[in-house]
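Please look over the sequence and the structure shown below, and then read the short report that follows.

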Amino acid sequence: MSQTVDRALSILPLLAEGPAGLEQVAGRLDVHKSTALRLLRTLHEHGLVYRQQDQRYRLGARLFALAQQAIEALDVRDIAHPHLAALNERTGHTVHLAVYEQGEVAYIDKFDSRYPVRMYSRIGRPVAITVAAVAKLLLADLPEPERRSVAESLDYPRYTARSTPDAAAFLAELARVREQGWATDLGGHEESINCLGAPLRGPDGRVCAAMSVSAPNVVVTAEELLRLRPLVLRTAETISAELSGTAQPGTTQGAGGPVPVPVPVPVPVPDPAPLPPPVSTPDDEERLA
């Protein structure tokens, strides 16, 4: 990387800690104040930093606009799709991707299993929010007041004897999911179907989607499905790294080593918005001495 570019980029994390003066920036970069000023002026011209009235610099408005635009441009389905396809291919089980929007949890992607017993789930269809593993993951990440408000506003249908009975039990389950970082639905919606889910996190570290692997008891037991947890969590971590921009080039899902996978019954498988203009301020000279 160019030394000039490297130095300029090193200024941004410094200013993320709070406003800093020219001398402080120069000291952090270990350069003369004249060099630091040139870098700051260049960043200022592009709206990435802003000089305050007290002559200190802070992060500029355009940097936040770029970050927001990058987040909005992320398509979690496109990023997750190949990894979920690989998980489906490796396990043979049904794989879902879901998001939480406007009080509902809905599937936005699905890969069917390789065996004849199919799950009655559809892309775009809301899930059973009080029992589904993906729903537990998405709601568990909500701030506590919102989490409690949502839980207390829900109905609690008794799909099976294992369904969540009430808001108190649901909140306790969400607290457990929040702490352990994964979720299950072991016969809570359909007695014969078990599900294991993991969260997908965006650039801000918050859960933006959830993925799951589901299978009927006639194919694998709940215990056998739970053996897939390292693989499912590793897949979720890989997708999250891509979503947050921290993935290392050349890494692949499943890099943590082999995981035993129960073998399923073999069956024949039939325009971006324009950026805002840079922030402009008077080009006052600073003393370099």
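**A salt bridge within helix H7**

Arg 148 has a relative accessible area of 38% and therefore counts as partly exposed, and in this predicted model its side chain meets that of Glu 144 in a salt bridge, with 3.0 Å from N to O. Glu 144 is likewise partly exposed, at 39%, and both residues lie in helix H7, four residues apart, which is about one turn of the helix.

**Other salt bridges**

The count of salt bridges comes to ten. One of them joins Glu 173 to Arg 176, whose closest N and O atoms are 2.4 Å apart; these two residues are three apart in helix H8, about one helical turn. Glu 173 is buried, with a relative accessible area of 14%, whereas Arg 176 is partly exposed at 42%, and a network of salt bridges links both residues with Lys 136.

Another salt bridge, at 3.4 Å from N to O, is formed by the side chains of Arg 28 and Glu 17. Because Arg 28 lies in helix H2 and Glu 17 in the loop between helix H1 and H2, this pair ties together parts that are eleven residues apart in sequence.

**Packing of helices H2 and H3**

Helix H2 (residues 22-29) packs against helix H3 (residues 33-45) at an angle of about 105 degrees, with the axes 9 Å apart, and the two helices are therefore roughly perpendicular to each other. Among the residues making the contact are Leu 22 and Val 25 of H2 and Ala 36 and Leu 40 of H3. By class, the contact has eight nonpolar, no polar and two charged residues.

How values were computed. Residues numbered from 1 in each chain as written. Predicted model: local features only at pLDDT ≥ 70, side-chain atom pairs only at ≥ 80, totals over all residues. Heavy atoms only, no water. Axes fitted to C-alpha atoms, helices over the stretch in contact; angles between N-to-C directions. Parallel < 35°, antiparallel > 145°, perpendicular 65-115°, else oblique. Contact = heavy atoms within 4.5 Å. Nonpolar A, V, L, I, M, F, W, Y, C, P; charged D, E, K, R; others polar. Salt bridge = Lys/Arg side-chain N within 4 Å of Asp/Glu carboxyl O. Buried < 20%, exposed > 50% of the residue type's maximum accessible area, 1.4 Å probe, protein only.
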